[in-house]
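Take a look at the sequence and the fold below. Then read on for a short tour.

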Amino acid sequence: MTATITALRADGLRAHRDELAALLLAVVDGGSSLGFLAGLDDRGAAAWWDSLLPAVEDGSLALWVSRTGGDGRIDGTVSWYRETKANGRHRAELRKLMVHPAARGRGTARALLAKAEAAAARAGVLLLFLDTETGSGAERVYRSAGWTEAGTIPDFATDPAGRLHPTTLFYKQLRGAHG
């Protein structure tokens, strides 16, 4: 089944906040390391999405959602944040690529990633970077999509259960992707 990927502006973020909060909870409950700990509740997840509104409104955060199932529900998301410092406006950090555990294995992560990369290239971004838990499924997705490993940092972050894990840094140059 092919994912339908759409950009989400501030009004869409407001309208779908509770659905996005449910997605975040499912992914964290599934053990994915996204910067949240076990015990995250609906209110906390919704508040996190609300905290993104100013950046989505001013255009520094670009956000996409996927719908893969026939029910039209959001089952994945990805975003990138464009650096605002004068010496870094050519780069953006890929953030929070997440796919609902029940929707994995359908190419949704790759479709979201491709959409974010293409939009970044069109926006003049020359370099994307990210960090992800070493050994995670996400790490395999980035490698297979042509991202380059830059290194690993030990004990960088905890998983939802509070255990320290290393993180792997990745980057992708987009220079050839837009001209």
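This report covers the sheet, a helix beside it, the aromatic rings and two unusual backbone angles.

## The sheet

This is a predicted model. Its open sheet has seven strands, in the order β1-β2-β3-β4-β5-β7-β6. The pairing is mixed. β1 (4-7) and β6 stand at the edges. Each has a single partner strand, so one side of each is left without a neighbour in the sheet. On average, neighbouring strands are turned by 25 degrees against each other, direction ignored. Helix α2 packs on the sheet and touches β2, β3 and β4. The direction of α2 makes about 80 degrees with that of β4.

## Around strand β3

Look at β3 and its two neighbours. β2 and β3 run antiparallel and are joined by six bridges. Here Val65 stands opposite Thr77 in β3. β3 also pairs with β4, again in the antiparallel sense, over six bridges. On that side, Tyr81 stands opposite Glu93 in β4.

How much of β3 is covered? Most of it: five of its seven residues are buried. As a general rule, side chains in a regular strand alternate between the two faces of the sheet.

## Helix α3 and its buried side

Helix α3 spans residues 42-51. Four of its residues, Ala45, Ala46, Trp48 and Trp49, are buried. Where do they sit around the axis? They cover an arc of only 155 degrees, which puts them on the same side of α3. A general point helps here. An α-helix has 3.6 residues a turn, so residues three or four places apart point the same way.

What do the buried residues of α3 pack against? Their partners include three helices: α1 (10-15), α2 (17-29) and α4 (53-58). Strands β2, β3 and β4 (91-99) are partners too. Two of the buried residues, Trp48 and Trp49, also form one aromatic cluster with Phe36.

## Aromatic pairs

How many aromatic pairs does the structure hold? There are five. One of them joins Trp64 and Trp80. Their rings are 6.1 Å apart, centre to centre, with 40 degrees between the planes. That makes the pair tilted. Trp64 is in strand β2 (residues 61-67) and Trp80 is in strand β3 (residues 76-82). The two are 16 residues apart, and the pair links distant parts of the chain.

Are these two residues buried or exposed? Buried means under 20% relative accessible area. Trp64 has 6%, so Trp64 is buried. Trp80 has 5%, so Trp80 counts as buried too.

Tyr142 and Phe170 form another tilted pair. The centres are 6.0 Å apart and the planes meet at 45 degrees. Tyr142 lies in helix α6 (residues 137-144), while Phe170 lies in strand β7 (residues 164-173). The pair therefore ties together parts that are 28 residues apart in sequence. Both Tyr142 and Phe170 are buried.

## Two positive phi angles

Now check the backbone. Which value does phi of Lys96 take? Phi is near 50 degrees, a positive value in a residue other than glycine. Lys96 lies in strand β4. Lys96 is partly exposed, with a relative accessible area of 26%.

Asp155 also has a phi near 50 degrees, and Asp155 is likewise a residue other than glycine. Asp155 is found in strand β6 (residues 148-158). That strand is one of those at the edges of the sheet.

Notes:
Residues numbered from 1 in each chain as written. Predicted model: local features only at pLDDT ≥ 70, side-chain atom pairs only at ≥ 80, totals over all residues. Heavy atoms only, no water. Phe/Tyr/Trp six-rings, centres within 6.5 Å; stacked < 30°, edge-to-face > 60°. Buried < 20%, exposed > 50% of the residue type's maximum accessible area, 1.4 Å probe, protein only. Arc of directions from axis to C-beta. Contact = heavy atoms within 4.5 Å. Pairing = 2+ DSSP bridges. Axes fitted to C-alpha atoms, helices over the stretch in contact; angles between N-to-C directions.
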